[in-house]
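Trainee: I would like to learn how to read a few features from a structure file. Please take them one at a time, with the general idea before the case.

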Amino acid sequence: MFQKNISLKKYNTFGIDVNAKSFVSVTSLAQLKRVITTFKDVFILSGGSNILLTKNLSKPVIQINTKGIEIIENKSDNNTVLIKVQAGENWHDLVLWCIENDFGGLENLSLIPGNVGTSPIQNIGAYGIELKDIFYELEALEIATNEIKTFNKKACNFEYRNSFFKNQGKGKYIIINVTLKLTKNNHKLNIEYGAIKTEFETNKIDKPTIKDVSNAVIAIRKSKLPDPKKIGNSGSFFKNPVINKAYFESLKISYPKIPHYMLPDDLVKIPAGWLIEQSGFKGKRFGNAGVHKNQALVLVNYDNATGLEILDLARKIQKTVLEKFNIPVEIEVNII
Ligand code: EPU
């Protein structure tokens, strides 16, 4: 069942060509448990959409490829439905399935690359919604004990692009399924985001459905973000940094149009894409690595870049932004 010495190029959306000494794609929990009992120290691969591979992998690489979407609770007397989704399901396929079934909540998260099992790790988010808003619970295999543990929302400790699984839980659990709480019939749409409104105006939609929201998000993402099937990338490479209000006010003097989102506690979030663009990197190419022309937050692999080439560019960007704005920008993608 293990393949020996294979290239991981087609298993990561950056399209980085590193070698895995051994590789197996698991399709059932029983198979996963058997593999974990044999090899405790493994590398877990999901959709490969939030990693930058910088070296060959000598640990066994386990791709989670379990499938299944199940409605586990659908009472006729309320407006919610619980669906349990196996980790190996593709995220966007799930979004489309929900829209077809008229289950609301995921439409703003359309077209995010990757699989369901990794969506809680970085608490995926876009256009005003984060996974935590529709999350109910998940089950994960604890590697040390080979036992299944249930995590409710609180236990996951979700934050902006962060969770328990990126911190204390890192490397200790394998998420095997995720249960989401969605609406049926009476949906609560999140359409405050400017670009979504503009899409509706352009297409003369005044009573949007969840499908309209999904279509708008797909159109916006396609216009800004590169398709990983055509040009290797991992979405936002950096997190949007948070600064204090006093520093924000001082920056506003030199940059009156600085985009920002006000947060509680006198904090302000600044789009890293803007900082990177102002630092002169947008659309620039450095060898095989580059900064996307429509969204400076996204680093791209033009042609057989190595992970280290991409990482070098990321470090150069961090250094320049720090020198120019005195703001550290943190890498969001997992560097392996
Ligand atoms: N901006 C620039 N230059 C750029 C990019 C952005 O000036 O090159 C400015 C825009 O003009 C806008 C602001 O920055 O005023 C925000 O840009 P955008 O709406 O594109 O969102 P973002 O903050 O750059 C975040 C997420 C994206 C998500 C969008 C939409 C993070 C790290 N990224 O980007 O997530 O799709 O909001 O909600 O929070 C991802 O995680 O892979 C991802 C794509």
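Trainee: Which elements do the buried residues of α5 pack against?

Mentor: To read helix packing, take the buried residues of the helix and see what they touch. This is a predicted model, and in it the buried residues of α5 pack against two helices and two strands: α2 (91–100) and α4 (194–202), β8 (103–104) and β9 (125–126).

Trainee: Which residues of α5 are buried?

Mentor: The cut-off is a relative accessible area under 20%. In α5, that class holds Ile 210, Val 213, Ser 214, Ala 216, Val 217, Ile 218, Ile 220 and Arg 221.

Trainee: How does the span between the end C-alpha atoms of α5 compare with what its residues should give?

Mentor: Compare an expected length with the model. Helix α5 covers residues 210–224, which is 15 residues, and at 1.5 Å a residue these should span 21 Å. The expected span uses one less than the number of residues. The end C-alpha atoms of α5 are 21 Å apart, so the two values agree.

Trainee: Now sheets. In what order do the strands of the open sheet with β14 lie?

Mentor: Read a sheet from one edge to the other. Here the order is β14-β20-β19-β18, 4 strands with antiparallel pairing. The edges are β14 (232–236) and β18 (285–286), each of which pairs on one side only.

Trainee: How many bridges join β19 to β20?

Mentor: There are 3 bridges between β19 (residues 289–291) and β20 (residues 298–301), and the two strands run antiparallel. For the register, take one residue and find its partner: Ala 289 is opposite Asn 301 in β20.

Trainee: Next, salt bridges. What is the general idea, and how many does a search of the whole structure find?

Mentor: Opposite charges on side chains can pair when the charged atoms come close. The search of the whole structure gives 11 salt bridges.

Trainee: Which residue forms a salt bridge with Glu 130, and is Glu 130 buried or exposed?

Mentor: The partner is Lys 132, with 3.8 Å between the closest N and O atoms. Glu 130 has a relative accessible area of 17%, so Glu 130 is buried. Lys 132 is partly exposed at 29%. Look for further links as well: Glu 130, Lys 132 and Asp 133 form a network of salt bridges.

Trainee: What is the N to O distance between Glu 192 and Lys 197?

Mentor: The distance is 3.4 Å in that salt bridge. Glu 192 is exposed at 63% relative accessible area, while Lys 197 is partly exposed at 38%.

Trainee: How far apart along helix α8 are Glu 323 and Lys 319?

Mentor: In α8 (residues 307–325) they are 4 residues apart, which means a separation of about one helical turn. Their side chains meet in a salt bridge at 3.3 Å, N to O. Glu 323 and Lys 319 are both exposed.

Trainee: Which residues form the nonpolar patch on the surface?

Mentor: For a patch, look for nonpolar side chains that are accessible. Val 242, Leu 263 and Leu 267 form this one, with about 200 Å² of accessible area together. Leu 263 is in strand β16 (residues 261–263), and its relative accessible area of 32% makes it partly exposed.

Trainee: Last, how far apart are Lys 252 and Tyr 160 in sequence and in space?

Mentor: Read both separations. Lys 252 and Tyr 160 are 92 residues apart in sequence, and their C-alpha atoms are 24 Å apart in space. Lys 252 sits in helix α6 (residues 245–254) and is partly exposed, at 33% relative accessibility.

Key
Residues numbered from 1 in each chain as written. Predicted model: local features only at pLDDT ≥ 70, side-chain atom pairs only at ≥ 80, totals over all residues. Heavy atoms only, no water. Buried < 20%, exposed > 50% of the residue type's maximum accessible area, 1.4 Å probe, protein only. Contact = heavy atoms within 4.5 Å. Pairing = 2+ DSSP bridges. Patch = residues over 30% accessible without salt bridge, like charges linked within 9 Å, V, L, I, M, F, W, Y side chains within 5 Å. Areas by Shrake-Rupley, 256 points an atom, 1.4 Å probe, with all protein chains shown as cover. Salt bridge = Lys/Arg side-chain N within 4 Å of Asp/Glu carboxyl O.
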